[in-house]
Amino acid sequence: MLTQEIAREIVKQTTIRLNRNINIMDEKGTIIASGNPDRINQAHFGAIEVLKTGKPLIIHEQDRHHWLGVLPGINLPIEFQKVIIGVIGITGDPAELKEFGELVKMITEMMLNQSFMAEQLEWKQHLKELVFEDLLKETINQNSIDQRLNLIGMKLEPPFQVGILEIKLNPLKKNEVIQLLENVFDIQHTLIGFLNVNRVFILTSTLSENLMKQKMNTAIHQLIAKRFSLRVGMGSLAESELYICHSFHEAESALLLGDDNQSLTTYTEVETKALLDRIDDRTKQQFQERILGSLSEKLIETLQQFFLSNLNIGECAKSMYIHRNSLIYRIKKIKEITGYNPQELNDAITLQLAIWVKQMQRKV
């Protein structure tokens with residue numbers, strides 16, 4: 001628990017504030033951190049005495065000869081969970097040090113507790129990410145998953161659903177991001193962790209799809225308020241742990257195929273595009289080139305806006321800030337070039353599919 005790294009940090013922080021030399025000794029009485037680097041790895045006989053008795057040791061100038069190589073000062077036991085794990089020594093006149101010796105001991109033990117808590121959180125977080133990795137495997141080891149969930153005090157029950165956050169701008173540390181998300185979701189039934197540097201997974205259980213979406217929107221608003229730049233993809237509900245991997249891949253598809261300007265995209269919104277995405281690349285390329293190959297970017301953009309306006313000429317012209325007659329002219333031009341009439345349902349479907357294929361190829 002009392003590592004050299006922690007001991008060095010304690011010495012650094014207390015030395016700055018007290019302007020005194022500080023020594024930290026381990027459970028054997030060996031100096032592991034000191035304001036005087038030459039003393040590292042030396043035995044501290046005053047500390048050994050403290051470890052034997054469990055009591056503070058005050059060394060005056062006239063008493064130095066009782067302990068080899070020690071200087072005047074005070075030596076206090078460092079306790080963690082009621083066990084003495086080391087000693088902190090402060091060099092100087094004991095009469096002056098009495099005032100803040102106990103304070104230094106308290107700060108030291110507080111830093112140890114904080115370090116321990118941080119390690120515990122890191123360990124639990126690692127287990128959560130391992131559980132999620134296991135759930136994405138083709139063959140699930142249920143015993144391993146249950147054991148790890150028991151260790152972190154969690155239980156996962158259907159239905160399950162996966163969301164993926166893709167973070168482009170992140171002003172917080174990883175643990176701060178996870179803490180923010182855990183404040184929104186039920187941490188007893190939700191796994192949250194990082195897939196990589198800029199992607200976070202959220203696996204919910206026991207939540208309906210509507211409630212999951214509500215909580216996800218809440219999380220998005222809170223993150224945006226903290227100046228995050230992000231997009232979220234959500235898979236569909238999975239009634240069994242065996243299908244969590246499907247919800248995960250659907251969430252990935254939602255991110256890939258969703259509108260870049262849309263903060264939250266569900267798989268159902270891009271399901272048609274996802275089906276298109278399964279077609280081999282050569283077939284998709286030939287299809288979109290045959291349908292759209294001769295159209296200018298301006299006409300393709302007009303088509304897309306026309307479809308977003310549900311084939312409503314007035315609404316589309318208004319959204320594009322062009323005259324109604326200009327839009328009608330463009331639609332006629334598209335029909336002449338492609339042979340497909342955007343105002344007829346079957347032709348409109350063909351044109352829309354071709355546009356989606358073209359957009360997907362640009363994203364790859």
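Visitor: What makes the meeting of the Arg199 and Glu166 side chains a salt bridge?

Guide: Good place to start! In this predicted model, the N to O distance between Arg199 and Glu166 is 2.9 Å. The cut-off is within 4 Å, so the pair qualifies as a salt bridge.

Visitor: Which parts does the pair of Arg199 and Glu166 tie together?

Guide: Arg199 belongs to strand β8 (residues 199-205) and Glu166 to strand β6 (residues 160-169), so their contact links parts that are 33 residues apart in sequence.

Visitor: Why is Glu166 called buried?

Guide: Its relative accessible area is 16%. Buried means under 20%, so Glu166 fits the word.

Visitor: How do you know that Asp281 forms a salt bridge with Lys284?

Guide: Their closest N and O atoms are 3.6 Å apart, and that is within 4 Å, so this pair counts too. Both residues sit in helix α9 (residues 281-292), three residues apart, about one turn of the helix.

Visitor: Are Asp281 and Lys284 buried or exposed?

Guide: Asp281 has 58% relative accessibility, over 50%, so Asp281 is exposed. Lys284 has a relative accessible area of 8%, under 20%, so Lys284 is buried.

Visitor: Why does Lys155 count as exposed?

Guide: Lys155 reaches 51% relative accessibility, and exposed means over 50%, so the label holds. Its salt-bridge partner is Glu157, with the closest N and O atoms 3.4 Å apart.

Visitor: What makes Glu157 partly exposed?

Guide: At 31% relative accessibility, Glu157 falls between the 20% and 50% cut-offs, so partly exposed is the right term.

Visitor: How many salt bridges does a search of the whole structure find?

Guide: The search turns up 11 salt bridges.

Note on methods: Residues are numbered from 1 along each chain as its sequence is written. This is a predicted model: local features need pLDDT of at least 70, side-chain atom pairs count only at pLDDT 80 or more; totals for chains, interfaces and linings use all residues. Side-chain values use heavy atoms; hydrogens and water are left out. Buried means under 20% relative accessible area, exposed over 50%, partly exposed in between (1.4 Å probe, protein chains only). Helices (H or I, at least four residues) and strands (E, at least two) are DSSP runs, numbered from the N terminus.
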